Amino acid sequence: MKFFLDTANIDQIKEAHDLGILDGVTTNPTLMAREGITGEGNIKKHYAEIATIVDGDVSAEVISTDFKSMVREGEILADIAENIVVKIPMIKDGVKAMSYFSNKGIRTNCTLVFSAGQAILAAKAGAAYVSPFVGRLDDITFDGMELVEQITDIYGIQGFATEVLVASVRSALHIVKAAELGADVVTCPLSAILSLLNHPLTDIGLKKFLEDYHKSQGK
Ligand code: E4P
């Protein structure tokens, strides 16, 4: 399972990259706004910087909602760097845009997916990635991971090539569950990745090893 970082924050991207566990990045308009990136030129520069740090795919989301504008915007985004993947919302014109991009060899990430039916449409439209939003489903008391299970099952049975990218991840448990279900990618905040490190027995064990070492050295 690939680890993508769900942020537009350069410092966090560098930190995850330096850990050696970063396979890609996803962004969205909210995450870009959080970094205070405004204006087309600055947005393009910011994506270019992220795409240089990261070896893997970087999802850049379109703002338009009609086919023609999505195509225009997506082509500009795809031109920024080879590893840019155009993120398209799961709406009717979005499906049309994903099919268009797929035919042109431009890879897409279908975002805002909340049902198996939407995931089937994304695969039929040739999306490279489908992004089920597990945390937002949990927020409204639906089990987001149940949707991931349904999608991985369907894609397996149907032999769809679209990769399942688990998004809207809130915790280490989501990451572990995504791995159990055979998801291709999980995208999450750095805090969720770092929380995978935590176990009290590791801390207790390390403390004891170091104490014993220092005792044996007469310190
Ligand atoms: C990533 O592709 C999604 O835009 C993101 O994971 C959404 O996360 P949120 O539900 O925490 O905003």
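How many residues apart are Lys207 and Glu211 in helix H11? The third point below takes up this question within a short review of the structure.

1. Overall architecture. The structure under review is a predicted model. Its protein chain has a secondary structure of 11 helices and 8 strands. Taken along the principal axes, the C-alpha atoms occupy a box of roughly 75 × 40 × 30 Å. The chain has 219 residues, and 47% of them count as buried. If one considers contacts between residues at least 6 apart in sequence, 56% join residues at least 24 apart. The accessible surface amounts to about 11,300 Å², and carbon and sulfur atoms account for 55% of this area.

2. Charges and a negative patch. The chain carries 20 positive and 29 negative charges, and the mean positions of these two sets are 2 Å apart. On the surface, Asp138, Asp143, Glu146, Glu149 and Asp153 form a negative patch. Helix H8, which covers residues 144-158, gives the most to this patch, with 3 residues. Asp138, by contrast, is placed in helix H7, residues 134-139. The relative accessibility of Asp138 is 30%, so this residue counts as partly exposed.

3. Salt bridges within helices. The whole structure contains 9 salt bridges. One of them joins Lys207 and Glu211, whose closest N and O atoms are 3.3 Å apart. To return to the opening question, these two residues are 4 residues apart in helix H11 (residues 200-216), and therefore about one helical turn separates them. Lys207 is exposed, at 56% relative accessibility, while Glu211 is partly exposed, with a relative accessible area of 36%. A salt bridge is also found between Lys177 and Glu180, with 3.1 Å between the closest N and O atoms. Because Lys177 and Glu180 are 3 residues apart in helix H9 (residues 172-180), they too are separated by about one helical turn. Lys177 is partly exposed, its relative accessible area being 35%, whereas Glu180 counts as exposed at 57%. In addition, Lys208, Asp212 and Lys215 are linked in a network of salt bridges.

4. A salt bridge between distant parts of the sequence. Which parts of the chain does the pair Arg107 and Asp57 tie together? The side chains of these residues meet in a salt bridge, with an N to O distance of 2.8 Å. Arg107 lies in the loop between helix H5 (92-104) and strand S5 (108-113), and Asp57 belongs to strand S3 (residues 57-61); the pair therefore ties together parts that are 50 residues apart in sequence. The two partners may also be described by their accessibility. Arg107 is partly exposed, with a relative accessible area of 35%. Asp57 has a relative accessibility of 12% and so counts as buried, the limit being under 20%.

5. A buried residue in helix H1. Ala16 is located in helix H1, which spans residues 10-19. Is Ala16 buried or exposed? Its relative accessible area is 0%, so Ala16 is buried. With neighbours within four places in sequence left aside, Ala16 is in contact with Leu5, Ile21, Leu22 and Leu190. As for distance along the chain, Ala16 and Asn28 are 12 residues apart, and 18 Å separates their C-alpha atoms.

Definitions and conventions. Residues are numbered from 1 along each chain as its sequence is written. This is a predicted model: local features need pLDDT of at least 70, side-chain atom pairs count only at pLDDT 80 or more; totals for chains, interfaces and linings use all residues. Side-chain values use heavy atoms; hydrogens and water are left out. Patches are made of residues with over 30% relative accessible area and no salt bridge: like charges are joined within 9 Å, nonpolar side chains (Val, Leu, Ile, Met, Phe, Trp, Tyr) within 5 Å. Accessible areas come from the Shrake-Rupley method with a 1.4 Å probe; for residues, only the protein chains shown count as cover. A salt bridge is a side-chain nitrogen of Lys or Arg within 4 Å of a carboxyl oxygen of Asp or Glu. Lys and Arg count as positive and Asp and Glu as negative; His and the chain ends are not counted. The place of a charge is taken as NZ of Lys, CZ of Arg, CG of Asp or CD of Glu. Buried means under 20% relative accessible area, exposed over 50%, partly exposed in between (1.4 Å probe, protein chains only). Contact means heavy atoms within 4.5 Å.
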